[in-house]
Amino acid sequence: MTIQEVGVVGCGIMGAGIAQICAAHGYRVRVTEEDPEQLEKGLSRIRRRLSRDVERRRLSRERLDRILSRLHGASSMEEFTNSDLVIEAVIEDLPVKKDLFEKLGQICKADSILASNTSSLSLSEMAASSGRPEQVIGIHFFNPPTVLPLVEVISSESTSQETIDSAMSFCDSIDRLTVRVKDSPGFIVNRLLVPFIFDSIQMLDGGIATAEDIDQACKVGLNHALGPLATADLVGLDTMIHISEAMFEEYGEPRFKAPTMLRRLVSLGHLGRKSGRGFFEYN
Ligand SMILES: NC(=O)c1ccc[n+]([C@@H]2O[C@H](COP(=O)([O-])OP(=O)(O)OC[C@H]3O[C@@H](n4cnc5c(N)ncnc54)[C@H](O)[C@@H]3O)[C@@H](O)[C@H]2O)c1
């Protein structure tokens, strides 16, 4: 299957980044949102990032114009009828995603591939809702998607080899480095990362060390680019809870259960970088 047009659902942290990468690699992109204000915010974020690249001489003005000419905001998924690949990046909520796959299955042309950027939820359940389970796959980008090259390519029992091959070629075409993993909550990275972050939060809540020192220890002692608490802030503390709920439900292990301190911060509206405050403060 030749992919020419990519539809992206959701224009938050991940959706905006994914739309930008696809447009930068020559694809025609349509991106839609539940919330029109959020769509405009996401598109402005893309324009700002690209303009910064022009200022830093990493991108020519002509190339910026070409990228933006390929990127279109869509008022609804009804505009995805000609998309060859649709990648959803809406909130981490299974009923919302299942409903979305059911609609995409009805709207999109028969041979289009439907992909989820889920961090932890059951791809098989989304596949079943779509009415075309053999064409459903996980294409899981990492945050920030415009910077981190890794993509986990996730197949369910029903995903066809043709869909896997198309998804792998697509990831090559956008310069991503892929790993293959079977459908299981958290896949590779989050299954390892979530308990690590939760232990750090418990250490902080127990007064064992400050947030700065916990992160500094991991950066310097483990050579991590970012400490676990700053990573949680980057992911979004609300998203961390959503990711862990699916993993706790599946594995039943306490190490996947969201710590009280994390829940407390979220109920206070401290969601990490996106709200300006999480474990750390951001301007
Ligand atoms: N944040 C991360 O670090 C990260 C990394 C990898 C994958 N993910 C996954 O990517 C997905 C999106 O996460 P995010 O961090 O971008 O979240 P986000 O909160 O920044 O953005 C989600 C967006 O989806 C929109 N939305 C919700 N329901 C919708 C619908 N029915 N139709 C259209 N838009 C809808 C919301 O308005 C919001 O703008 C989640 O599945 C998450 O698990 C997140």
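**View 1. The residues of the shell around the ligand are nine nonpolar, nine polar and five charged.** Here Ala, Val, Leu, Ile, Met, Phe, Trp, Tyr, Cys and Pro count as nonpolar, Asp, Glu, Lys and Arg as charged, and the others, Gly among them, as polar. This is a predicted model, where local features need pLDDT of at least 70, side-chain atom pairs count only at pLDDT 80 or more, and totals for chains, interfaces and linings use all residues. Residues are numbered from 1 along each chain as its sequence is written, and side-chain values use heavy atoms, with hydrogens and water left out.

**View 2. Polar contacts link the ligand to Glu92, Val235 and Val90.** A polar contact is a pair of N or O atoms within 3.5 Å. Look for the side chain of Glu92, where an N or O atom sits 2.5 Å from an oxygen atom of the ligand. Val235 uses a backbone N or O atom, 2.8 Å from a ligand nitrogen atom. For Val90, a backbone N or O atom is 3.2 Å from a ligand oxygen atom.

**View 3. Now for the two domains, domain 1 (5-182) and domain 2 (190-274).** Their bounds come from an automatic or database domain assignment. The centres of the two domains, taken over C-alpha atoms, are 26 Å apart. In the contact (heavy atoms within 4.5 Å), domain 1 and domain 2 take part with eight residues each. Each domain also gives at least three residues to the shell around the ligand.

Note on methods. Polar contact = N/O pair within 3.5 Å; in protein donor to acceptor, adjacent residues only side chain to side chain.
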